[in-house]
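Visitor: I have a protein model to look at and plenty of "how do you know" questions. Could you walk me through it?

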Amino acid sequence: MSEMSAAGNSPEVLFWVGCAGSFDQRAQKITKAFVTILDKVKISYAILGKEEMCTGDPARRAGNEFMFQMMAYQNIQILNGYGIKKIVTACPHCFNTLKNEYPELGGTYEVIHHTTFLQQLIDEGRIIMKEGGDFKGKKITYHDSCYLGRSNNIYEAPRKVLEAMDVELVEMKRCKSNGLCCGAGGAQMFKEEEKGDIRINQERTKDALETGATIIASACPFCNTMMTDGVKNSNKEDDIKVLDIAELIAASI
C-alpha cells in the first residue's frame, strides 16, 4: 500500500491478510489461493504489509481491552492515513472486528468477507469455472464459522460459491444458525479447553464425517486448523481434505 500510495495510485480493495494468513503455514496457502484469484480476475488490490497489526480481536475476547484499543487505534490511523474505503479479508475474526468494532473508534470502512466477494465476482461473470473442474460432482460439506454466520448472518454466500462449482453440497445436521463452533472462537484458539468429555473440534468433525463428504469446506483459518486436527484425530486425513473456499475456487478457474 505504501508503494502504491507513493506512486499516487489507490487500489480497488485493500486485502487485509490477518495474523493467521501471514504467519500460519497452513493459512498462508489460503492467502496465496485468494491472491491467485484476485490476479486472475485482474482486481487492483494492495496489502499493508509490515504496517498491518493484529486487529486486536483475540486480545478483546480474552479480556484485554487496553491492548485491543491500542492495536485498533494504530490500525485505524494507518487505514485512514491511506484513505482506505473498501477492505476484503479471508478471516471472519478480522472481518467482524473491522466491520462492527472499529467504527466506534473512528474506523469506518466497507468490509467484505472473501466468500461474499467471491460470490459477487461469480455473479458479475468475472470468475468463470473450468468445465468439469477438479471438484465437479464431489461431495462437499460446509462448516459455518461463528463469526461469519451467527455474528454476521452470512450463510448463503459461501454456499452459493460452492454451488457454482457444480459440487454436491451436503449439509451437516447442525448447520447455519444452528451450527456448532469449531472450538477456536473467543480466543480459545490460544488456550487449552476446560475439562470435558470430548474436544469441540472432534465433536464438530464427527458432524462432518456423518455427511459422507470427502471435502470439508471452511471459510476461516481458525476453523480450518480445528477441523484439520479433528480429521487427523479420526485417522481420516487420507480420505478427507479440509479446504478453504478460496482454495477450491483457485483450483477451479
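Visitor: What does Asn224 touch, leaving out residues up to four places away in sequence?

Guide: Happy to help! This is a predicted model, and in it Asn224 touches Arg26, Ile30, Ser218, Val242, Leu243, Asp244 and Glu247. Asn224 itself is in helix H10, residues 221-233.

Visitor: Why is Asn224 called buried?

Guide: Buried means under 20% relative accessible area. Asn224 has 0% relative accessibility, so Asn224 counts as buried.

Visitor: And what makes Cys223 count as buried?

Guide: The cut-off is again 20%. Cys223 comes out at 3% relative accessibility, and therefore counts as buried. For the protein chain, 51% of the 253 residues count as buried.

Visitor: Why is there no bond between the sulfurs of Cys223 and Cys220?

Guide: A disulfide is a covalent bond between the sulfur atoms of two cysteines. To be counted here, the two sulfur atoms must lie within 2.5 Å. The closest cysteine sulfur to that of Cys223 is in Cys220, and at 3.9 Å the gap is too far for a bond, so none is assigned.

Visitor: How many disulfides does a search of the whole structure find?

Guide: The search finds 0. Cys54 is in no disulfide either: the nearest cysteine sulfur, in Cys19, is 3.7 Å away.

Visitor: Let's move on to Ser44. Why is Ser44 called partly exposed?

Guide: Partly exposed covers the range between the buried cut-off, under 20%, and the exposed one, over 50%. Ser44 has 32% relative accessibility, so partly exposed is the right label. You will find Ser44 in the loop between helix H3 (25-40) and strand S2 (45-46).

Visitor: Which residues is Ser44 in contact with, beyond its neighbours within four places in sequence?

Guide: Ser44 is in contact with Met4, Ser10, Pro11, Glu12 and Val13. Take Pro11: 33 residues separate it from Ser44 in sequence, yet their C-alpha atoms are 5.2 Å apart. Across the protein chain, 78% of the contacts with a separation of 6 or more join residues 24 or more positions apart.

Visitor: Now the overall shape. Why does the radius of gyration agree with a compact globule?

Guide: A compact globule of 253 residues would have a radius of gyration near 18 Å, and the protein chain has 18 Å, so the two agree. Along its principal axes, the C-alpha trace spans about 50 × 50 × 30 Å. The protein chain has 11 helices and 8 strands.

Conventions:
Residues are numbered from 1 along each chain as its sequence is written. This is a predicted model: local features need pLDDT of at least 70, side-chain atom pairs count only at pLDDT 80 or more; totals for chains, interfaces and linings use all residues. Side-chain values use heavy atoms; hydrogens and water are left out. Helices (H or I, at least four residues) and strands (E, at least two) are DSSP runs, numbered from the N terminus. The radius of gyration is taken over C-alpha atoms; the globule rule is 2.2 Å times the number of residues to the power 0.38. Buried means under 20% relative accessible area, exposed over 50%, partly exposed in between (1.4 Å probe, protein chains only). Contact means heavy atoms within 4.5 Å.
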